[in-house]
Amino acid sequence: MFYVIATILMFFASFKVLPQIDNIREYDLLLLSGTIFISIYFFLILETKFKKRFAIFILVLGCLNFIKREFIFRQYSAFDSLGFYMFSLFTIIMVFMYFNQLLKAVTDKSIFLNFDFWMSAAFLIYHLGSFVIFLSLYALSILVYGVEDQLSIGNLWAGQNILLFVSAICVNTGVVWIIYHRE
Amino acid sequence: MCKHGRSMDNLSQGITIVVGVAISLAVVAVGIISLFLNYRNKRVQAIQEKEKMQAAFNQQLLQSQLEMQEHTSNIISAEIHDNVGQILSLAKVQLNIIDQGETLDRSLLADAKESVSKAMTDLRDIAKSLNSEQIKLSSLQEITELELHRINRLGLMATSLKTNGETKNLQEQKKLIIFRIIQESLQNIIKHSGAKKIEIWFHYEKDNLKIEVVDNGRGFDKTLLEKKEGLGLQNIMSRALVIGGKANINSVPGQGTVITIISPYE
């Protein structure tokens, strides 16, 4: 299921990989869908009421942010650095909540057979690294003057993509590990 | 151009710093995950250790129960043979004499009746000790007292039980294991010490019950314990460890032995 959704998303995203097209709104949609997916995911795996409420809070916050940008202030021109930064930060907090939950209910069953562990570890690697990139993107965008600068700022995205790649490897390793060891 | 060039430098520098920090933070994330796994492994090990201890405790409990049953059977067998059997034989002889006599000897008949009722009392005592519920319902002190009473009846040595502090209850399973330790200590004293006097002390301390089994026998060389030759004594110490307590054996040749058992209440 995970791979099917990822493939469909990649397919649609590939139509937007054109440097001249303004894709700010697509990024807003990505932030919204990411927030919905991650908050529901953690809502399902977290156990205590407080932690579940926190996941709902993130979901509501993400939706409100989207409504504010798209329908109230109509901020189509600038990348939502702060939104992405907050999203990453809250994801990190939810990962720590999940780790805390795992430590509270330790069993002798191998943690490596738990897909949620691999997924959360991947989230942690990706979001702990990339929240700095999201946070600084707006500040660095002020220094952009021309096409050359824009290409240069692409290095930031390259750094972010490296993190994305590492976290994807983490999830895939987990999937292979679980399949191999279950057999 | 110059201004643009400077801003370009600043931008490149900024991007390098940000990417560097981001990758460093990702490395930190990997470190956090490693710490998490390491901490979790330690907790898993602690749980496994606890399970092992619990298994050892259960095994020891079962063994103690079996040994107690065996011990009780031996006592009953000896009591029936040496005590009840003898009394009933005497009663039979008395009844035979009455039967063969021409006149009814009332005093002999009274003696025979007394013998039979004594045998009945002894049988009741035996039935009581056979009942495993009796051990569960009685306190450790009460069942120890019964054990000492039994030794007293052998007439080989004098026994006494003394208490210090306010009586507190022990966990059911711990009670059984401690009682088995006391039984083992008493058996050792009877078999090997040649003592004339046994004294048992129950010290009810704040968190622990401290029991001292003191005898005035011949004692022994403590190197026996180090050489692991005294298996019964080794058993006492390992059992005490299983219930989360400890046992200490102090002995000087010619001056008797003191076995100290310390066990937490919970």
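The following chat goes through the helices of chain A, its contact with chain B, and the sheet of chain B in a predicted model.

Biologist: What should I know about the numbering and the cut-offs on confidence?
Modeller: Residues are numbered from 1 along each chain as its sequence is written, with chains lettered from A and ligands numbered from 1 in the order in which they are written. The model is predicted, so local features need pLDDT of at least 70 and side-chain atom pairs count only at pLDDT 80 or more, while totals for chains, interfaces and linings use all residues.

Biologist: OK, chain A. How many helices and strands?
Modeller: Six helices and zero strands. Helices (H or I, at least four residues) and strands (E, at least two) are DSSP runs, numbered from the N terminus.

Biologist: And how much of chain A is buried?
Modeller: 30% of its 183 residues. Buried means that 20 or more other C-beta atoms lie within 10 Å of the residue's own; exposed is 12 or fewer, partly exposed is in between, and C-beta atoms are placed from the backbone.

Biologist: How do H2(A) and H3(A) pack?
Modeller: H2 (residues 24–45) and H3 (residues 49–72) of chain A pack at about 170°, with their axes 8 Å apart. Axes are lines fitted to C-alpha atoms, for helices over the stretch in contact, and angles run from 0 to 180 degrees between N-to-C directions. H2(A) and H3(A) are therefore roughly antiparallel, a label for angles over 145 degrees (under 35 is roughly parallel, 65 to 115 roughly perpendicular, the rest oblique).

Biologist: What is the hand of that crossing?
Modeller: H2(A) passes H3(A) in a left-handed crossing. That is, the near helix is turned anticlockwise from the far one by less than a right angle; clockwise would be right-handed.

Biologist: What classes of residue are in the contact of H2(A) with H3(A)?
Modeller: The residues from H2(A) include Asp28(A), Leu32(A) and Phe43(A), and those from H3(A) include Lys52(A), Arg69(A) and Glu70(A). By class, the contact has nine nonpolar, three polar and four charged residues. Contact means C-beta atoms, placed from the backbone, within 7 Å. Ala, Val, Leu, Ile, Met, Phe, Trp, Tyr, Cys and Pro count as nonpolar, Asp, Glu, Lys and Arg as charged, and the others, Gly among them, as polar.

Biologist: At what angle do H4(A) and H5(A) cross?
Modeller: The axes of H4 (residues 81–104) and H5 (residues 115–141) of chain A come within 8 Å and cross at roughly 155°. This crossing is left-handed. Among the residues that meet are Phe84(A), Tyr85(A) and Phe99(A) in H4(A), and Phe117(A), His127(A) and Tyr138(A) in H5(A). The contact divides into 17 nonpolar, six polar and no charged residues.

Biologist: Switching to the interface. How many residues does each chain give?
Modeller: Chain A gives 27 and chain B gives 28. On the side of chain A, H4, H5 and H6 (147–182) each supply at least two residues, and H5(A) gives the most, with ten. That side has 19 nonpolar, six polar and two charged residues.

Biologist: Now chain B. What is its secondary structure?
Modeller: Seven helices and five strands. Of its 266 residues, 23% are buried.

Biologist: What order do the strands take in the sheet?
Modeller: The order is E1-E2-E3-E5-E4 (chain B), in an open sheet with mixed pairing. E1 (158–164) and E4 of chain B are at the edges with a single partner strand each, so one side of each is left without a neighbour in the sheet. The twist averages 10° from one strand to the next. Two strands pair if DSSP finds at least two bridges between them.

Biologist: What does E5(B) pair with?
Modeller: E3 (residues 208–215) of chain B pairs with E5(B) in the antiparallel sense over eight bridges, and E4 (residues 246–251) of chain B does so over six. Ile261(B) is the bridge partner of Ile211(B) and stands opposite Ala247(B).

Biologist: Which side chains of E5(B) are buried?
Modeller: Thr257(B), Ile259(B), Ile261(B) and Ser263(B), which point to one face. Val258(B), Thr260(B), Ile262(B) and Pro264(B) point to the other and are not buried.

Biologist: Which strands does H5(B) lie across?
Modeller: H5 (residues 172–193) of chain B lies across E2, E3, E4 and E5 of chain B, running at about 175° to E5(B).

Note on methods
Contact = placed C-beta atoms within 7 Å.
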